[in-house]
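Visitor: I am new to this structure and should be grateful for a close look at a single part of it. Please describe one place where two helices meet, and what lies beside it.

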Amino acid sequence: MKYFHLIWAELMRRKTRTLLTLLSIIAAFLLFGLLDGVRESFEQAGNSANGAKRLQTGSRLSFIQPLPMSLNDRIGLVPGVSQVSYANWFGGAYQDPHNQIFSFAVAPNYLDLYPEIAVDKAQRKAFEATRTGVLVGEGLMKRFNWKVGQKLPLQSTIFPNRDGSKNWIFDISGVISATDKKSGAWFDQMILLHWKYFDDSTPYNTGQVGWYVTEVKDVNQADRIAKAIDAISANSDHESKTQTEAAASASWMKQMADIGLIVGSIMGAVFFTLVLLTGNTMAQAVRERTSELAVLKTIGFSSHSVLWLVLAESVLLMLIGGVVGVAIAGVLGPIVSTASGGAISVPPIGLNSWSLGLGLMIAIGLLVGALPAIRAMRLNIVDALAGR
Amino acid sequence: MKRLKSFARGLAVLVGLAAGLIAWSMLPWPALLGLAALFALWMFTTRGGRQAASVAGVGISTLSQRLGSSSVVVIGIAGVVAVLVAMLSMAEGYQQTLRRTGSDDSVIVLRGASAAEVMSTLSLDSINVIAQAPGIARSADGRPLASAETVVAANLPIKGGAPDEDGSVQLRGVGDRAFDVRPQLKIVEGRKFESGKREVVVGSGAVRQFTGMQVGKQIRLGSELWTVVGVFRSGDAMDSELWADAEMVASTYRRGASRNSVIAKLSDAKQFKSFKAALAGDPRLQVDTTTTAEYFAKQSETMTKVIRVIGIVVGSIMAIGAVFGALNTMFATVATRAREIATLRAIGFRGVPVVVAVMLETMLLALLGGLIGGALAWLIFNGYTASTIAGGVGQLTFDFRVTGELLWSGLKWALAIGFIGGLFPALRAANLPVTSALRAL
């Protein structure tokens, strides 16, 4: 650390070049920050402790096939189950049938199973008291500029109302906010309505539910309980399939696209370019300073200190650029999410991304600094001073 | 005063550059050819041009001495172009697959306000009414070319997944008419299913996605076992589906006599308006009518947009990084050649030829980078198969498509990066005071 001013002076020797190199490093790590956030949110989907404690039971035939209501009590009797809730797709859309919104008709105790969903106490009371009440995600409220208390007209792309039309009118009774913003981006974008009201109003759903959500007392028993639940309806005409919520969302994500591969190859291309760029700059900087390094050695710096000085310089350069880049990504992410109207959601950058990023900065810094540093270490004082 | 002047000049260059880039992004290729021809003409006929050519010649012939730093420009730009073209080709492939599925002279009729086929239901009565609507083409035996189809999402084990891991596939229950409505669909292996039997034919995309899709094998759909009897190919979104007899699908999934949609061939694309009006005016019906072209275009709209936006954002950030890399390299090049350039200027070469020469060198490197990047994207990604959930129900398999148009836009990006990366170092070279440059080093 006592040579910090020396390293700094070396960095500032050619301000333009250092600045330009910094800017490309910033660009690369900005990209890294954005992409890694996306990759992580794919990996983490449903992977929370709560996700592992919840089981999802749907029809084995297909996820759009409903299950009979009678299963509710029978699932509740399976040993190890602490709570059962259920929900249906509602298929809501706002203004245009193509403007679809994640909307579910849910049982009264649905929220109890989701500690990740925070609803103001008074608002939840209001929701429970209003037959036509809905809870709306924070993100949606902002996106469409809705207010609590207003009427909300929705179309359902699946279920007609009792009068045969697709138009439903709800009352917004409360706002859903995710307790954990990082993994809860999803809860921000949904609407919950009363299953009872839904079931009473649409002639197409007579006491059927889309899927059951079960909370287990002990995570380690989840597999056994899942098998026990499926055994209830084995060989019936409504066979079910139960898996942990984490497993369900992981397999769903996997089907979306092989995001990991695509993101990985982009990052690979970016870093390859980056290593080349900085490596070249470092090599140039050392080449230019040959005589100065020779002077350093003459006045008593050991070969190893020179090596470390050059390495420290390249790591420092990488760290400055990298930290600024990831920080900008942290600021830019939410802006992109808002600008795209929720179509693209870039999650905030978490601890994992930061540590991975810092690790990469140091590793790349050492890598690109290595060649010039070794060159500097092996410098022959007499030759270097003579300009050979 | 002097600083103010140089600041104003810098500002003017920036504004000009921005305007130039906007114009550049819209430039069609014939215009570029014209520009190149004009430039060549200038180069060979005027004195300044000839000077520029000879300076550039020197620079280019000594490129091999600066191999390390020049390759930074080339590889940096190649990376940008490869990533950009790959992302855009993904969007293109996705969109084309869905676009090709539809046509202007066929229509899809769904229950009103249904966003996708799987969400719609049509009763038997409605189906009969729709089939009798005016404008529908008729087969040789005089029956209307309208196919009522059932669409369900079925769970099947995916290839390479865990033993209990299921993917979602679109299972379509059809009658004979379905094949008449889609003439592009051909059975390439095995045979068609027989009606009244639990037999399925599978699309070539589904074969790649799910296990057990070989002719003769049995698969579990719903609570029953079905036999795979054939493989079909149609080159569009249908390739990702499984087809079986409508009656059997409806009974397995308890759909009764209702169907999800009616697909009909019109006798002429111009009949669409009257066909739609006839259905809308019928009090017995509450349906949405769209041409299949429009329906599938709408289905692909959001996803295509998202992929494109991501591609362009990622490409832009990388491009910015590459511009700084190019700037760095070219500034260094100018610095190492400062004495040479100053000498040229001292013996009477003017500023413009020097600027042009440095620019030319960078653009050449950029062109090379663009070509390499485009070639890489083409080699790796053209025809690369990806899949995603589409229409909310089933996996859709599609190929990346690296089209000439995408390669061209990648090349334009490359040249633009080269232009910016070369411009400022070139201006610096031209403005270097001759005396101090000669004294330098």
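Guide: In this predicted model, ten named positions of helix H4 (residues 67-101) of chain B, B:Ser70, B:Val73, B:Val74, B:Ile77, B:Ala78, B:Val81, B:Ala82, B:Val85, B:Ala86 and B:Ser89, meet residues of H12(B) that include B:Leu365, B:Gly369, B:Gly373, B:Ala377 and B:Phe381; contact means heavy atoms within 4.5 Å. By class, this contact has 15 nonpolar, six polar and no charged residues, where Ala, Val, Leu, Ile, Met, Phe, Trp, Tyr, Cys and Pro count as nonpolar, Asp, Glu, Lys and Arg as charged, and the others, Gly among them, as polar. Helices are DSSP runs (H or I, at least four residues) numbered from the N terminus.

The two axes come within 7 Å and cross at roughly 40 degrees; they are lines fitted to C-alpha atoms over the stretch in contact, with angles from 0 to 180 degrees between N-to-C directions. H4(B) is therefore oblique to H12(B), as angles under 35 degrees count as roughly parallel, over 145 as roughly antiparallel, 65 to 115 as roughly perpendicular and the rest as oblique.

H12(B) also supplies seven residues, the largest share, to the lining of the second largest pocket. Among the lining residues closest to the centre of that pocket are B:Leu360 and B:Met363. The lining divides into 20 nonpolar, one polar and no charged.

Residues are numbered from 1 along each chain as its sequence is written, and chains are lettered from A in the order in which they are written. Local features need pLDDT of at least 70, side-chain atom pairs count only at pLDDT 80 or more, and totals for linings use all residues, while side-chain values use heavy atoms, without hydrogens and water.

Methods. 1 Å grid on protein atoms, 1.4 Å probe; cavity = no way out; pocket = protein on both sides within 12 Å on 5 of 7 lines; lining within 4 Å. Helix = DSSP H or I, 4+ residues; strand = E, 2+ residues; numbered from the N terminus.
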